[in-house]
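Dear colleague,

I am passing this structure on to you, and below it you will find my notes on what was found in it. Please read them with the structure open beside you.

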Amino acid sequence: MDSTIANPQVGHDTAEQEHEHVFVPQHRHHFATEEQQREAGSFGMWLFLLTEIMFFGGLFFAYLLYRNWYYDAFVAASNTCSVPLGAANTAILITSGFFMALAMWAAEVRKKKTLVITLICTMLFGFAFLGIKTVEYHEKWVEHHIPGASFDVSEFVNPAAYGLHAQPLAPDAAQKTQLFFFLYFAMTGMHALHMIIGLGILFWLLYRAQRGDFTAGYVAPIENFALYWHFVDIIWVYLFALFYLVNLHPLAH
Amino acid sequence: MAHEAQPEQHYHDPSNVTNPEHASHHIVTPAQYAMVFAALLTGTALTVVAANIDLGVFNPIIALGIASTKAVIVMLFFMHVKYQSHLIKTTVASGFFMFLVLVTMTLSDYISRAWGLW
């Protein structure tokens, strides 16, 4: 790489002479020290995550508003989601995040083998999450709960015919369940897209990790990816609470 | 000539962030990560149990409270915010503050649109 340091301050700055600098190839010349480079990198990554908070935040706000407007439809639709599958996926994603945190540690203490293994575990649990999500999406497909032309409200209009004990909804109210499922697919879908992008990046990180790129003092790609991966975890924690849990005991009118 | 005067003691290498002598860079240990992991799994179990009890208006509040606690734990330890500089901490806090401002402004719009018409 041509980023090997040509120190601009040589011969000018007495601070330069106070201690020996060992320049490492990943250190870009426009940063005084690699600490500064690292903080700038973290800062930039966090700014990106803030834009992600705003992006998902808009969707969370839509959920908040429409749940208040069409409360009964949101309750009925929400209770078709499987809490055991959602809870299992939460545990799986937390486990994936745990392995990513361990990968960060492995890079910092320069254990290449541990880094590779923990990255693989991170990926395996990520794929497990997407697998369960696929099962859930398929369930929605079978039940005609995907918004659009083939959406079917009959389960909400006449729950008794489906062996459900839920309160029946008037047909116009039952149509509003589509809004719930629209937000469900938009939000869990965007979340899943983030996971798929993350898994793609993980393949690349894994390739570089086994080459030894991140176990010689240069951990920024692992660190910044870990921030992304944990952020995606946090989004899911809220999705699990809002789509699966908060409507299990609806308020009586 | 500067390097001739350079003594070998007090060796400090600021360009090497994972050097163990580097005090400003905190390495969280696997044991600490395991504790965080256990706390997050406990939170998940708790929120499922709480959701299955009828607590009236408190169901969503408790579910979001536990979710937020888990999110803060993830940010502090997994995302190392606890060990970061003031710049990073302020950046993270300002993002959430900005989000709350936007939610408050949008909600006050929706709440006040039909003001007096009910």
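The buried residues of α1(A) are covered by elements that include α2 (71-78), α7 (177-210) and α8 (220-245) of chain A, together with α3 of chain B. The residues of α1(A) that are buried are A:Glu34, A:Ser42, A:Met45, A:Trp46, A:Leu49, A:Phe56, A:Tyr63 and A:Arg67. The helix itself covers residues 34-69 of chain A, 36 residues in total, and it reaches 52 Å from its first C-alpha to its last, close to the 52 Å expected at 1.5 Å a residue. Please keep in mind throughout that this is a predicted model.

Chain A as a whole has eight helices and zero strands, so that reading along its sequence gives the pattern α-α-α-α-α-α-α-α. Of its 253 residues, 37% are buried, and among its contacts between residues at least 6 apart in sequence, 73% join residues that are at least 24 apart.

A second helix of chain A that deserves a look is α3 (residues 83-108), which has 26 residues and spans 37 Å from its first C-alpha to its last, close to the 38 Å expected at 1.5 Å a residue. Because 20 of the 26 residues of α3(A) are buried, this helix is largely enclosed by the rest of the structure. After α3(A) comes A:Arg110, which has a positive phi, near 60 degrees.

One residue of chain A can serve as an example of how parts distant in sequence come together. A:Gln178 is located in helix α7 of chain A, and its C-alpha atom is separated by 8.6 Å from that of A:Ala73, although the two are 105 residues apart along the chain. Leaving aside residues up to four places away in sequence, A:Gln178 touches A:Pro147 and A:Phe151. Is A:Gln178 buried, exposed or partly exposed? With 18 other C-beta atoms within 10 Å, A:Gln178 counts as partly exposed, because a residue is called buried only from 20 such atoms upward and exposed at 12 or fewer.

Turning to chain B, you will find three helices and zero strands, in the order α-α-α from the N terminus on. Of the 118 residues of chain B, 19% count as buried, and 36% of the contacts in chain B between residues at least 6 apart in sequence join residues at least 24 apart. Chain B is divided into domain 1 (27-78) and domain 2 (85-109), and the centres of these two domains, taken over C-alpha atoms, are separated by 22 Å.

Within chain B, α1(B) and α2(B) pack with their axes 10 Å apart and at an angle of about 170 degrees, and these two helices are therefore roughly antiparallel to each other. On the side of α1(B), the residues that make the contact include B:Val36, B:Leu40, B:Gly43 and B:Leu46, while those of α2(B) include B:Ile62, B:Ile66, B:Ile73 and B:Phe77. By class, the residues of this contact between α1(B) and α2(B) divide into 13 nonpolar, five polar and one charged.

The two chains also meet each other, in a contact that takes 50 residues from chain A and 49 residues from chain B. On the side of chain B that touches chain A, α1 (30-51), α2 (58-78) and α3 (86-112) each supply at least two residues, and α3(B) gives the most, with 10 residues. That side of chain B has 29 nonpolar, 17 polar and three charged residues.

One helix pair that joins the chains can be described in detail, namely α8(A) and α2(B), whose axes come within 10 Å and cross at roughly 175 degrees. This crossing makes α8(A) roughly antiparallel to α2(B), since angles over 145 degrees are counted in that way. The residues that form the contact include A:His230, A:Asp233, A:Val237 and A:Tyr238 of α8(A), and B:Ala63, B:Lys70, B:Val74 and B:Phe78 of α2(B). In this contact of α8(A) with α2(B), 11 residues are nonpolar, one is polar and two are charged.

With best regards

Key. Residues are numbered from 1 along each chain as its sequence is written. Chains are lettered from A and ligands numbered from 1 in the order in which they are written. This is a predicted model: local features need pLDDT of at least 70, side-chain atom pairs count only at pLDDT 80 or more; totals for chains, interfaces and linings use all residues. Two residues are in contact if their C-beta atoms, placed from the backbone, lie within 7 Å. Helices (H or I, at least four residues) and strands (E, at least two) are DSSP runs, numbered from the N terminus. Ala, Val, Leu, Ile, Met, Phe, Trp, Tyr, Cys and Pro count as nonpolar, Asp, Glu, Lys and Arg as charged, and the others, Gly among them, as polar. Axes are lines fitted to C-alpha atoms, for helices over the stretch in contact, and angles run from 0 to 180 degrees between N-to-C directions. Angles under 35 degrees count as roughly parallel, over 145 as roughly antiparallel, 65 to 115 as roughly perpendicular and the rest as oblique. Domain bounds come from an automatic or database domain assignment. The expected span of a helix is 1.5 Å times one less than its number of residues.
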